[in-house]
Amino acid sequence: MKIAVVCQSLLLSRALKSFLGDAIVAYKQCDFVISDKKIELDKPVFYIAPSDGNLNIPFSKSTLLLELDKFFQHLLMVQNSMDGLMGDLPKSTYALEEKITALTDQFRADLIQTIRSYYGN
């Protein structure tokens, strides 16, 4: 689990860095971001707030670690399900192509037979 911290509160930022130690990395290398403000980023955001956040203030180190683990496990589960869907795409595309080919071949054969019977060949 690699985490970036983007907090307005300097006290919260330092507490997180103290609690999380080596898990703190630069934004480009992180799996997700911890923030004390609602921000739109291209990475998932774990929101800490006095109320209505992924984690409410005040919190203990153990509560923080448990909630971060739940958040990260959920991210992994979502990512794995997305990878599974993307992995199945070529198989389903191939099956669809085969069905379309079979239908067009059948249509072509029926059309040729209809034209031949119309002209008496």
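**Group meeting: core, strands and surface of a predicted model**

E67 is partly exposed, with a relative accessible area of 23%. I begin with this residue since it takes part in two of today's topics. Please keep in mind that the structure before you is a predicted model.

Let us take the charged pair. Which residue does E67 meet in a salt bridge? The partner is K70, and the separation between the side chains is 3.4 Å, N to O. Both K70 and E67 belong to helix α2, where they are three residues apart, about one turn of the helix. K70 is exposed, its relative accessible area being 54%. The count of salt bridges comes to one. As a general point, side chains of opposite charge can pair when their charged atoms come close.

E67 also leads us to the interior, for it is among the residues touched by F46. Leaving aside residues up to four places away in sequence, F46 touches F32, V33, I34, S35, N54, L55, E67, L68 and F71. F46 is, in addition, one of the residues with the most contacts inside the largest nonpolar core. That core has 16 residues, and the others with the most contacts inside it are L16, F32, I34, I48 and L68. Which elements each supply at least two residues of the core? They are β1 (3–6), α1 (10–20), β2 (32–35), β3 (45–49) and α2. The greatest contribution comes from α2, with four residues. In soluble globular proteins, nonpolar side chains tend to be buried together.

I turn now to strand β3. Is β3 mostly covered or mostly open? It is mostly covered, with four of its five residues buried. On the β2 side, three bridges join the two strands, which run parallel; here V33 stands opposite V45 of β3. β3 also pairs with strand β4, residues 55–56, in the parallel sense over two bridges. In that pairing, A49 stands opposite N56 of β4.

Finally, we return to helix α2, which spans residues 61–119 and includes I115. Which residues form a nonpolar patch on the surface together with I115? They are F107, L111, Y118 and Y119, and the patch as a whole has about 630 Å² of accessible area. I115 itself is partly exposed, at a relative accessible area of 43%. Patch residues must have over 30% relative accessible area, so I115, at 43%, meets that condition.

To close, helix α2 gives four residues to the largest core, holds both partners of the salt bridge, and contains I115 of the surface patch.

Technical notes
Residues are numbered from 1 along each chain as its sequence is written. This is a predicted model: local features need pLDDT of at least 70, side-chain atom pairs count only at pLDDT 80 or more; totals for chains, interfaces and linings use all residues. Side-chain values use heavy atoms; hydrogens and water are left out. Patches are made of residues with over 30% relative accessible area and no salt bridge: like charges are joined within 9 Å, nonpolar side chains (Val, Leu, Ile, Met, Phe, Trp, Tyr) within 5 Å. Accessible areas come from the Shrake-Rupley method with a 1.4 Å probe; for residues, only the protein chains shown count as cover. A salt bridge is a side-chain nitrogen of Lys or Arg within 4 Å of a carboxyl oxygen of Asp or Glu. Buried means under 20% relative accessible area, exposed over 50%, partly exposed in between (1.4 Å probe, protein chains only). A nonpolar core is a set of buried Ala, Val, Leu, Ile, Met, Phe, Trp, Tyr and Cys residues joined through side-chain atoms within 4.5 Å. Contact means heavy atoms within 4.5 Å. Two strands pair if DSSP finds at least two bridges between them.
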